[in-house]
Amino acid sequence: ARRCTAEGLRVLILDRAAPQDPLPGEEHLAVDLADPAATEAALAEATAARPITRLVNNVGTVRPGTLEAATLADLDAVVALNLRCAIQCAQALQPGMRAAGTVPVGSTPEELAAHGITANVVAPASVDTPLWQKLNPPGSARRQRILESVPMGRLATPDDVAQAVAFFLDARSGYVTGQVLFVCGGQSMGGATLF
């Protein structure tokens with residue numbers, strides 16, 4: 001959100017909680033994106049109030065564990081938030097984007113390209129966030145293994161990911177579509193542990 005605001009974009013955040021330090025001009029709609037009906041209502045409200053010409057699907061969840069311990073409820077929760085929500089948002093915003101011929105991040109490239117709409121993916125590996133820290137506590141073997149697998153010798157920062165997103169959102173990237181940009185410090189080069 002900070003990076004988009006710095007690039008002159010107006011930011012609307014759909015999330016359960018409002019930002020702790022809202023940016024000037026930033027708007028927030030409270031919604032649990034894991035709930036399809038609530039998501040639909042929030043998207044209807046958002047699109048009725050303003051034209052939305054860019055979309056960044058960056059909500060998600062993980063339920064790490066072994067195959068033996070995984071439950072269907074875990075699978076349903078991950079698919080609902082990581083996939084269903086992205087499709088639902090893209091479908092709701094697509095008519096406005098088609099009308100404007102603009103550049104969202106994250107949809108089906110082939111069907112949208114003829115309308116001047118790009119769809120790309122930013123694929124970060126290990127990003128230094130509170131969730132990553134919680135899942136990989138200091139001193140854990142997993143944390144050490146991941147850190148040792150990063151050729152650049154550090155985790156990605158949220159700003160590293162924001163840079164990649166800003167590239168795709170920029171109108172000057174309007175001919176780039178159907179691409180995956182790995183933000184991984186080189187981890188994707190050869191079988192490293194990415195998460």
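# A guided tour from helix α3

Begin by selecting Q88, a residue of helix α3. The model on the screen is a predicted one. Is Q88 buried or exposed? Its relative accessibility is 14%, and because buried means under 20%, Q88 counts as buried. Next, display what surrounds Q88. Leaving out residues up to four places away in sequence, Q88 touches P36, T39, E40 and L43.

**Across to helix α2**

Select P36, one of the residues just named as touching Q88. P36 has its place in helix α2, which covers residues 36-49. With a relative accessibility of 40%, P36 counts as partly exposed. Which residues does P36 contact, once neighbours within four places in sequence are set aside? They are R84 and Q88. Now add C85 to the selection and look at the C-alpha atoms. Those of P36 and C85 are separated by 7.4 Å, although the two residues stand 49 residues apart along the chain.

**Into the largest nonpolar core**

A general point helps with the next stop. In soluble globular proteins, nonpolar side chains tend to be buried together.

In this model, the largest nonpolar core has 17 residues. Select L14, V31, L33, L55, C89, L93 and M97, the members that touch the most other members. Two elements, α2 and α3, are those that give two or more residues to this core. Which of the elements gives the most? The answer is α3, with six residues. A second core lies apart from this one; it has 11 residues, including V122, V161, A164 and V183.

Return to L14 and show its surroundings. When neighbours within four places in sequence are left aside, L14 is in contact with L29, V31, L33, A42 and L43. L43 is also among the residues that Q88 touches.

**Out to the surface of helix α3**

Now select V79. This residue belongs to helix α3, which runs over residues 72-100. V79 has a relative accessibility of 38% and therefore counts as partly exposed. Extend the selection to L72, L75, L83 and I87. Together with V79, these residues form a nonpolar patch on the surface. How much accessible area does the patch have? The five residues L72, L75, V79, L83 and I87 have about 480 Å² together.

**To helix α7**

Select D159, which is placed in helix α7, residues 158-169. D159 has a relative accessible area of 52%, so this residue is exposed. Then add R2 to the selection. The C-alpha atoms of D159 and R2 are separated by 9.1 Å, while their positions lie 157 residues apart in the count along the chain.

**The whole protein**

Finally, clear the selection and view the protein in full. Its secondary structure comprises seven helices and four strands. In which order do the elements run from the N terminus? The order is α-β-β-α-α-α-β-α-α-α-β.

Along the principal axes, the C-alpha atoms fill a box of roughly 50 × 35 × 35 Å. The radius of gyration is 18 Å, which agrees with the value near 16 Å that a compact globule of 195 residues would have. Of the 195 residues, 31% are buried. Among contacts with a separation of 6 or more, 55% join residues 24 or more positions apart. The accessible surface comes to about 11800 Å², and 58% of this area belongs to carbon and sulfur atoms.

Notes
Residues are numbered from 1 along each chain as its sequence is written. This is a predicted model: local features need pLDDT of at least 70, side-chain atom pairs count only at pLDDT 80 or more; totals for chains, interfaces and linings use all residues. Side-chain values use heavy atoms; hydrogens and water are left out. Patches are made of residues with over 30% relative accessible area and no salt bridge: like charges are joined within 9 Å, nonpolar side chains (Val, Leu, Ile, Met, Phe, Trp, Tyr) within 5 Å. Accessible areas come from the Shrake-Rupley method with a 1.4 Å probe; for residues, only the protein chains shown count as cover. A salt bridge is a side-chain nitrogen of Lys or Arg within 4 Å of a carboxyl oxygen of Asp or Glu. Buried means under 20% relative accessible area, exposed over 50%, partly exposed in between (1.4 Å probe, protein chains only). A nonpolar core is a set of buried Ala, Val, Leu, Ile, Met, Phe, Trp, Tyr and Cys residues joined through side-chain atoms within 4.5 Å. Contact means heavy atoms within 4.5 Å. The radius of gyration is taken over C-alpha atoms; the globule rule is 2.2 Å times the number of residues to the power 0.38.
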